[in-house]
Amino acid sequence: MKAALRALFLAFAVCFLLPVAGATLWWVAQDRPDGWRTADWGPSGVLPAASATPEAAIHVLAARTGGLKGAASVHSWLVWKAAGAADWTRADVVGWGRPVRLDAYAADGRWYSNDPFVVGSVTGARAADLIPRLRAAIDAYPWNGEGSYVIWPGPNSNSFVAHVLREVPQIGVALPPNAVGKDWLGPGLGAVRDAGGDIHLSAWGLAGFSLGPRTGVEVNLLGQTFGLDLVHPALKLPAVGRVGS
């Protein structure tokens, strides 16, 4: 029994504690704004102008969040446009009022001065087919009442995007392993098999497991994820993110 417990603790230390500790040391050495008032929230240039993109498109974006929590988590959001549309539409969740907001920030705006990156995209006719389903999933998000937002373990901004991606798995995107809150399925024990075939298990968003073509193999603990992407080979590390393709 003692040997088994030691092995479990060693696995926990190697897979979770060391990546989080390393990411924290890196993060505290970065030059960061003092707070949201001094942060840069302007466009980053990561996305082209909507007018320069004639076809329909859906993008999932993420950026490191602010304060010390930025060492361990990103903030994610959704951006899309119909074919010929002159503007992007952005949807993300914030921690005040009714959580779901449309176009509260620039489509590719920095988050607490941190440049976003594109997690994944769908373009062309496929995106055009999926946009109505995307909008329906956003409109039906179950935790959009005032006071529903919970920074940890969820439902938070990443819980929102992960929910939409489970509802519309044809987008084919999984959030990064350091998107804290993505594993929230609701209070209590939850189990979901989405239309893409991925299985998600969660206990209050504190511990869980995911398996499938979109998420690969993931072990979720305290909002962080360790796992493997089998389709696009990569190691998923807590706080660090993806290592690989």
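## Second largest pocket

In this predicted model, the second largest pocket encloses a volume of about 350 Å³. Its lining is made up of 16 residues, and those nearest the centre of the pocket are Gly172, Ala174, Asp229, His232 and Arg242.

Strand β5, which spans residues 117-123, contributes four residues, the largest share of the lining of the second largest pocket. Sorted by class, the lining of this pocket consists of eight nonpolar, four polar and four charged residues.

## Largest pocket

The largest pocket holds about 490 Å³ of space. A total of 24 residues line the largest pocket, with Thr65, Lys69, Trp111, Tyr149 and Ile151 lying nearest its centre.

Two elements, β2 (74-81) and α3 (157-167), each provide at least two residues of the lining of the largest pocket. The class composition of this lining is 15 nonpolar, eight polar and one charged residues.

## Enclosed cavity

How many cavities of 30 Å³ or more does a search of the whole structure find? The search returns one. The largest cavity has a volume of about 150 Å³. It is lined by 16 residues, and the closest to its centre are Ala162, Arg166, Lys182, His200 and Thr215.

Helix α3 appears again here: together with β7 (199-203) and β9 (216-221), α3 is among the elements that give two or more residues to the lining of the largest cavity. By class, the residues lining the largest cavity divide into six nonpolar, five polar and five charged.

## Packing of α2 against α3

Helix α2 covers residues 124-139 and packs with α3 at an angle of about 135°, the two axes being 9 Å apart. The two helices are therefore oblique to each other. This class follows because an angle over 115 but not over 145 degrees falls outside the roughly perpendicular and roughly antiparallel ranges. The crossing in which α2 passes α3 is right-handed.

On the α2 side, the contact is made by Arg133, Leu134, Ala137 and Ile138. On the α3 side, the contact involves Phe160, His163, Val164 and Glu167. Taken by class, the residues of the contact of α2 with α3 comprise five nonpolar, one polar and two charged.

## Backbone geometry in the loops

The loop between α2 and α3 holds proline 153 and also proline 155. The peptide bond from tryptophan 152 to proline 153 is cis, with omega near 5°. Glycine 154 and proline 155 are likewise joined by a cis peptide bond, for which omega is about 5°.

A further backbone feature concerns serine 113, which lies in the loop between β4 (100-102) and β5. Although serine 113 is not a glycine, its phi is positive, at about 75°.

## Elements that recur

Helix α3 takes part in several of the features described above. Residues of α3 line the largest pocket, and residues of α3 also line the largest cavity. The packing of α3 with α2 involves Phe160, His163, Val164 and Glu167 of α3.

Strand β5 is the source of four lining residues of the second largest pocket, and the loop between β4 and β5 contains serine 113.

Methods: Residues are numbered from 1 along each chain as its sequence is written. This is a predicted model: local features need pLDDT of at least 70, side-chain atom pairs count only at pLDDT 80 or more; totals for chains, interfaces and linings use all residues. Side-chain values use heavy atoms; hydrogens and water are left out. On a 1 Å grid over the protein atoms alone, a cavity is a set of points where a 1.4 Å probe fits but cannot get out, and a pocket is an open set with protein on both sides within 12 Å along at least five of seven lines; lining residues have an atom within 4 Å of a point. Grid points are joined across faces, edges and corners, and a volume is the space filled by probe spheres set on the points. Ala, Val, Leu, Ile, Met, Phe, Trp, Tyr, Cys and Pro count as nonpolar, Asp, Glu, Lys and Arg as charged, and the others, Gly among them, as polar. Axes are lines fitted to C-alpha atoms, for helices over the stretch in contact, and angles run from 0 to 180 degrees between N-to-C directions. Angles under 35 degrees count as roughly parallel, over 145 as roughly antiparallel, 65 to 115 as roughly perpendicular and the rest as oblique. A crossing is left-handed if the near helix is turned anticlockwise from the far one by less than a right angle, and right-handed if clockwise. Contact means heavy atoms within 4.5 Å.
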